[in-house]
Amino acid sequence: MFCVRCGKEKETFDGLCIDCFLNGKRLISLPAHIDMERCANCEEFRISGQWVKKDAKDAIEDIALSQLSVIDGLRIISAGAFSSAQDERNFFVSVDADGELCGRIVKAEAETVVRIKNGVCQRCSRQLGNYYEATLQIRSGKKELDDEIRDDTVRYVRERIENMSSVNRQIFLTKVEEVPGGVDMLLSSISLGKALAKELSDAYGAETKESSKLIGKNDDGSDMYRMTYLVRMPEYHLNDVVMFEDKAYKLSSITKDNAKLTELGNFRVTSIRRSQMPSLKVHTRNEELMKATVVSRSKGEIQILHPRNYSTVDVTVPEDADIGDIADVADVDDVLFYVP
Ligand SMILES: [Zn+2]
Ligand SMILES: [Zn+2]
């Protein structure tokens, strides 16, 4: 075949040899401007329909690359974008690409202006509009929820949501409200409420109960519900001294199925079922255990100074215990026990 422009006999494309074909041809192109939304609330950018958290420069360069069009037959090997600010909202971007066309390595360039526009992402518009699908009601068995348990639980929920929202943008905490008897946490989704209620139940041995309320119709005509997850936090915490069937134990582990109790005095470990856990009574919170000065140690026993009257007292310790200068002790009916 002969090139219709230069007459050389070669393989032709649209009647032209590769040199004439490439000469002056625009191999890649970009729109004259690209508008990119930035959420006015969280400053995330919308690229290819998705809201993403990105450095502004990366977002500008990425959106330019995402809009690159290339002629048929050109395979892009690598492409880089370089941006420079014209003002706060307008950025000039040039894209340089290396590609392969008909077995030949070619270089190409294109330019655009990325304009940043204000928007509000769906998550922020929901969050700002106090949208919620589920409520976690944190309560205790008593009339009031202890401040410490409340703060612990709220912290736990906040941390979990922060973690989960880094991979799922639809997850957020709408509101935390102190209410008589406890605290309500309003959540963006039903599945989040369900998951957190289960986690709190597993981690703290809390009892949970769910209820639903019809609040309207979805766009597709199906019923729309809001769920409430009542989470009754137990008074005990891990490592507290607890009473169970008139004996004192250290609560040494809690799992979703059972708890392990270490009996004070002989250090025997007993496992109790989940259903027995509500009968545990807190005797001394772990942070309220007394600190006793250790006077001497022997196998299976130490001598301590009574923290209140400074008399010396012998208490049993596990045979393999490594006792320092201070030991945790609990006073159960005027008898001091070492708490492992
Ligand atoms: Zn030619
Ligand atoms: Zn946002």
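## Helix 5, end to end

Helix 5 covers residues 190–204, and at 1.5 Å a residue its 15 residues should span 21 Å (the expected span is 1.5 Å times one less than the number of residues); the end C-alpha atoms are 21 Å apart, so the two agree. Helices here are DSSP runs of H or I with at least four residues, strands are runs of E with at least two, and both are numbered from the N terminus. Right after helix 5 comes G205, with a positive phi near 70 degrees.

This is a predicted model, where local features need pLDDT of at least 70 and side-chain atom pairs count only at pLDDT 80 or more, while totals for chains, interfaces and linings use all residues. Residues are numbered from 1 along each chain as its sequence is written, and chains are lettered from A and ligands numbered from 1 in the order in which they are written.

## Its buried side

Which residues of helix 5 are buried? They are L192, G193, L196, A197, L200 and Y204 (buried means 20 or more other C-beta atoms within 10 Å of a residue's own, with C-beta atoms placed from the backbone). Seen down the axis, these buried residues fall within an arc of 130 degrees, so they line one face of helix 5; the arc is that of the directions from the helix axis to the C-beta atoms.

The cover over them includes helix 4 (147–165) and strand 17.

## A sheet of five

Elsewhere, five strands form an open sheet in the order 19-18-17-16-20, with antiparallel pairing (two strands pair if DSSP finds at least two bridges between them). Strand 19 (269–273) and strand 20 (281–284) are the edges, each pairing on one side only.

Notes:
A residue is buried if 20 or more other C-beta atoms lie within 10 Å of its own, exposed if 12 or fewer, and partly exposed in between; C-beta atoms are placed from the backbone. Two residues are in contact if their C-beta atoms, placed from the backbone, lie within 7 Å.
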